[in-house]
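Here is a friendly tour of one protein and the ligand it comes with. Have a look at the structure first, and then we can walk through it by topic.

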Amino acid sequence: MSYLRHTAGRGRRRNMASMTAVVETEGLTKFYGRRKGLEDLTLQIQPGEVFGYLGPNGAGKTTTIRLLLDVIRPTSGRATVLGADTRDSAVRGRIGYLPGELALEGRERAHDFLNFMADVRGGVSRGRIDELAERLDADLSIRMGQLSKGNKQKVGLIQAFMHEPELLILDEPTSGLDPLVQQEFLAMVREVRTSGRTVLMSSHVLAEVQNVADRVGIVRSGRLVAVEDVAALRERAVRHVEFHFDAPVPREAFEGLPGVRDVTVEGANLRCTIDGRPDALIKAAAKFTVVHMVSSEPDLEEIFLTYYSEEAPRAHAGA
Ligand SMILES: Nc1ncnc2c1ncn2[C@@H]1O[C@H](COP(=O)(O)OP(=O)(O)OP(=O)(O)O)[C@@H](O)[C@H]1O
């Protein structure tokens, strides 16, 4: 099946009247004068789903997010969020939003700002803010204008998460966060999913979302070029594998196995690359005595770039 065919067109054929989708767009298009921001986006995001929205700079991610939040209005097409038209302001309180560029300035301290936001939203305990601040290792005593980029991002995340919204829309949420805090943030996203709530998060790179997203959409030059299940991508991804046996093994036993390539045998050691499922290789290896085995994490970025690079977008379309 063509991965590229599995994209916007397929979404368009779905029943747009479906009431279950948390985010639903049809032919959503935005031109800034003559400059294209987004063209003909048809997409559905389901409840409890974490959707990674990926693309290079200027692809149209922020435009999409701003359209969903009614910060800007579409040139054509339509979108609903939590079952309501994006223009329906009543839905806003049910969404947590992290903008890509946070304008947190001034002499106010971060905790005063967050307490204010909590009051505006209602129903957010002071303990909840402290809990999130602790998890993200955020110092809320600093004045907003003096916050580092990373601390600004943490304050932005706290205000997005604190009222436990049904939908989180996060524009480049990991930007500026150190690796430990990124891990904590991803844990928070998983908790949102576990509670049946929904997340749309944008990123430049698959690696940032691959461990948390259920599906990824890839947008390029204002067009959604693919939507993929991360589990399916993982199955197709390339892995480098090494086996160490208790005695030398014949190379022929591992050559020509489905999905196995670059086979190197040196005595009792085997190295190879697997495309997709490792099943055939494991069954072949099991005929010998395995002492030790190492398998690299699947490199989804590799497959991502192979399938969706601008230069050769159809290279694997029939795979
Ligand atoms: N206010 C605006 N006026 C004119 N053009 C705009 C405006 N906002 C965005 N664009 C253009 O629309 C296109 C999509 O931009 P957008 O900000 O949505 O991309 P992005 O995927 O979020 O990129 P980045 O990762 O750099 O934030 C780009 O060509 C951009 O220059």
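A residue is taken to be near a molecule if its C-beta atom, placed from the backbone, lies within 6 Å of it. Keep in mind that this is a predicted model. With that cut-off, 13 residues surround the ligand.

**Around the ligand**
- The closest residues to the ligand are Tyr32, Asn57, Lys61, Thr62 and Thr63.
- At least two residues of the shell come from each of two elements, strand E2 (35-45) and helix H2 (61-68).
- Helix H2 is the biggest giver here, supplying 3 residues to the shell around the ligand.
- Sorted by class, the shell holds 9 polar, 2 charged and 2 nonpolar residues.

**The overall fold**
- The protein has 14 strands and 10 helices.
- Of its 319 residues, 36% are buried.
- Among contacts with a separation of 6 or more, 69% join residues 24 or more positions apart.

**The nonpolar cores**
- In soluble globular proteins, nonpolar side chains tend to be buried together.
- The largest nonpolar core here has 60 residues, and those touching the most other members are Val23, Ile158, Leu168, Ile169, Val199 and Leu200.
- Helix H5 (residues 149-161) gives the most to this core, contributing 5 residues.
- What does Leu168 contact, once its neighbours within four places in sequence are left aside? Its partners are Gly96, Ala160, Phe161, Val192 and Val199.
- There is also a second, separate core of 9 residues, with Val249, Val260, Leu270 and Ile274 among them.

Conventions
Residues are numbered from 1 along each chain as its sequence is written. This is a predicted model: local features need pLDDT of at least 70, side-chain atom pairs count only at pLDDT 80 or more; totals for chains, interfaces and linings use all residues. Helices (H or I, at least four residues) and strands (E, at least two) are DSSP runs, numbered from the N terminus. A residue is buried if 20 or more other C-beta atoms lie within 10 Å of its own, exposed if 12 or fewer, and partly exposed in between; C-beta atoms are placed from the backbone. Two residues are in contact if their C-beta atoms, placed from the backbone, lie within 7 Å. Ala, Val, Leu, Ile, Met, Phe, Trp, Tyr, Cys and Pro count as nonpolar, Asp, Glu, Lys and Arg as charged, and the others, Gly among them, as polar. A nonpolar core is a set of buried Ala, Val, Leu, Ile, Met, Phe, Trp, Tyr and Cys residues joined through C-beta atoms within 7 Å.
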